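Me: I've got a protein chain on my screen and I'd like to learn how to read it. Can you walk me through it?

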Amino acid sequence: CRVYNYEPLTQLKNLRANCYGKYVALRGTVVRVSNIKPLCTNLAFVCAACGDVQRVPLPDGKYTLPTKCLVPECRGRSFTADRSSPLTTTVDWQSVKLQELMSDDQREAGRIPRTIECELVQDLVDSCVPGDMVTITGIVKVSSTEEGE
């Protein structure tokens with residue numbers, strides 16, 4: 001389902017730690033869009049001991065190994081990822097950078113406008129281009145930046 005005209009709009013300057021895990025609506029200008037990439041949502045693993053296949057959900061695409069084989073007689077702990085299995089699923093994923101909207105009376109002299117990184121998946125991918133003014137609704141999450149980024 002899609003939520004339209006969600007109120008209230010949260011300003012980027014008011015987006016703080018207390019918003020983590022909450023559903024918010026942000027309005028701004030798209031300043032950058034990334035390339036479209038596949039995001040693995042479920043990955044099949046084959047047990048090295050008995051060959052049994054199990055599907056492991058990967059929340060946010062974070063690679064996670066199974067802890068043990070699900071076959072009661074086996075309980076193996078060595079697995080191989082099977083990316084070509086029908087149990088492995090991926091979705092389209094794209095990152096967009098949103099910049100706050102500021103009217104002349106809100107502008108603070110010399111301050112760079114705030115920006116936030118937003119993730120689009122499935123049919124929302126490729127739905128906007130830089131320069132578009134958009135309202136994005138979603139759940140706030142914190143992602144650690146990797147070194148060298």
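Reply: Sure! Let's begin with burial: a residue counts as buried when its relative accessible area is under 20%. Keep in mind that this is a predicted model.

Me: With that cut-off, what share of the 149 residues of the chain counts as buried?

Reply: Here 28% of them do. As for the surface, the accessible area of the chain is about 10600 Å², and carbon and sulfur atoms hold 51% of that.

Me: Next, the secondary structure. How many helices and strands does the chain have?

Reply: You'll find seven strands and zero helices. Read from the N terminus, the order is simply β-β-β-β-β-β-β.

Me: And which domains does the assignment give?

Reply: Two come out of it: domain 1 covers 12–37 + 92–140, and domain 2 covers 40–90. So you can picture the spacing, their C-alpha centres are 35 Å apart.

Me: How do I read the overall shape?

Reply: Compare the radius of gyration with a rule for globules. A compact globule of 149 residues would come out near 15 Å, while this chain has 20 Å. Along the principal axes, the C-alpha atoms fill a box of roughly 70 × 35 × 30 Å.

Me: What about contacts along the sequence?

Reply: Take the contacts with a separation of 6 or more: 62% of them join residues 24 or more positions apart.

Me: Last one: how many positive and negative side chains does the chain have?

Reply: There are 18 positive and 18 negative ones, and the centres of these two sets are 5 Å apart.

Technical notes:
Residues are numbered from 1 along each chain as its sequence is written. This is a predicted model: local features need pLDDT of at least 70, side-chain atom pairs count only at pLDDT 80 or more; totals for chains, interfaces and linings use all residues. Side-chain values use heavy atoms; hydrogens and water are left out. Domain bounds come from an automatic or database domain assignment. Helices (H or I, at least four residues) and strands (E, at least two) are DSSP runs, numbered from the N terminus. The radius of gyration is taken over C-alpha atoms; the globule rule is 2.2 Å times the number of residues to the power 0.38. Buried means under 20% relative accessible area, exposed over 50%, partly exposed in between (1.4 Å probe, protein chains only). Contact means heavy atoms within 4.5 Å. Accessible areas come from the Shrake-Rupley method with a 1.4 Å probe; for residues, only the protein chains shown count as cover. Lys and Arg count as positive and Asp and Glu as negative; His and the chain ends are not counted. The place of a charge is taken as NZ of Lys, CZ of Arg, CG of Asp or CD of Glu.
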